[in-house]
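Trainee: Please take me through one strand and one helix pair, with the cut-offs.

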Amino acid sequence: MTDPLDREPLSVWRRLADTAVLLDGFHALKHALRFSAEVLVAVTTDRTAALALADELAPDVREALDVLLAEVPETAYRALVPRPHPTGVAALAVRPPRDANLRALARTPRTAPVVVLDQPRNLGNAGAVIRLAAGFGATGVVTTGTLDPWHPTVVRGGAGLHFATAVERVAVEELPSGPVFALDPEGEDIRALKLPDDAVLAFGSERSGLSGELRARTDHLVSLPMRPQVSSYNLATSVAMALFHWSASSASSASQAL
């Protein structure tokens with residue numbers, strides 16, 4: 001009996017899976033296509049349903065999906081992904097070159113901050129932060145420590161929006177240039193500050209906060225408003241609040257200049 005993984009496109013998947021980025025679900029694939037990812041292979045358990053979803057939610061990439069999507073048996077699809085997505089869609093894409101991402105992060109002048117996750121631990125939270133950063137138009141997201149920001153669980157949490165911003169893991173001494181504003185309960189209230197466009201916004205882990213190395217690199221400690229006796233916010237919530245404050249102050253400055 002022939003192994004189904006010896007047939008196209010499943011054999012292509014098997015050959016590329018170890019080095020490519022897993023796009024887990026319809027929305028991850030949709031966003032990757034919108035932001036010019038090089039998609040190598042895409043599969044679905046139901047082409048008709050997937051294309052109907054494209055007609056409803058993403059007509060701009062419907063034509064590309066029609067070309068890319070290959071229907072495979074559900075058993076084969078489940079063998080390809082660690083956690084099958086409800087949409088029954090998965091794809092593999094080329095990871096952007098590290099050098100290109102580092103150049104994008106280093107380019108100045110910047111029109112939007114870089115978000116730094118200092119030694120993050122939770123893969124899903126890291127993905128949510130990348131999704132937020134893409135939505136706000138941040139220059140990029142960098143992580144320090146051991147977490148791989150391109151781990152499949154992070155990409156799933158980011159809904160494929162890694163391709164909409166620059167995402168890399170760096171050492172603290174490799175952080176992009178710009179004033180570092182690090183979130184800390186002892187810092188100055190963020191509402192009293194205007195965050196510049198070239199800010200490097202640093203967030204420590206929920207468990208241990210900022211590392212000593214990152215704290216030593218910090219120019220400004222800032223805090224988020226928080227009710228007494230509440231210990232902390234979720235990491236993604238903290239990033240959302242800080243980016244919203246930056247975007248609101250930037251929009252206010254732009255309107256005053258008119």
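Trainee: Are the residues on the two faces of strand β5 (residues 114-117) buried or exposed?

Mentor: In a regular strand the side chains alternate between the two faces of the sheet. In β5, V114 and V116 lie on one side, V115 and L117 on the other. By the cut-off for buried (under 20% relative accessible area, 1.4 Å probe, protein chains only), all four of these residues are buried.

Mentor: This is a predicted model, in which local features need pLDDT of at least 70, side-chain atom pairs count only at pLDDT 80 or more, and totals for chains, interfaces and linings use all residues. Numbering starts from 1 along each chain as its sequence is written, and side-chain values use heavy atoms, without hydrogens and water.

Trainee: Which residue in β6 is the bridge partner of V114?

Mentor: Strands are DSSP runs of E, at least two residues, and helices runs of H or I, at least four, numbered from the N terminus. Two strands pair if DSSP finds at least two bridges between them; β5 and β6 (residues 140-143) run parallel and have four. The partner of V114 is G140.

Trainee: Which residue in β9 stands opposite V116?

Mentor: Strand β9 (residues 200-203) also pairs with β5 in the parallel sense, over four bridges. Opposite V116 stands A202.

Trainee: Why is α2 called oblique to α3?

Mentor: The axes, lines fitted to C-alpha atoms over the stretch in contact (heavy atoms within 4.5 Å), come within 11 Å for α2 (residues 26-34) and α3 (residues 47-57) and cross at roughly 60 degrees. Angles run from 0 to 180 degrees between N-to-C directions; under 35 is roughly parallel, over 145 roughly antiparallel, 65 to 115 roughly perpendicular, and the rest oblique. The crossing angle therefore makes α2 to α3 oblique.

Notes
Buried means under 20% relative accessible area, exposed over 50%, partly exposed in between (1.4 Å probe, protein chains only).
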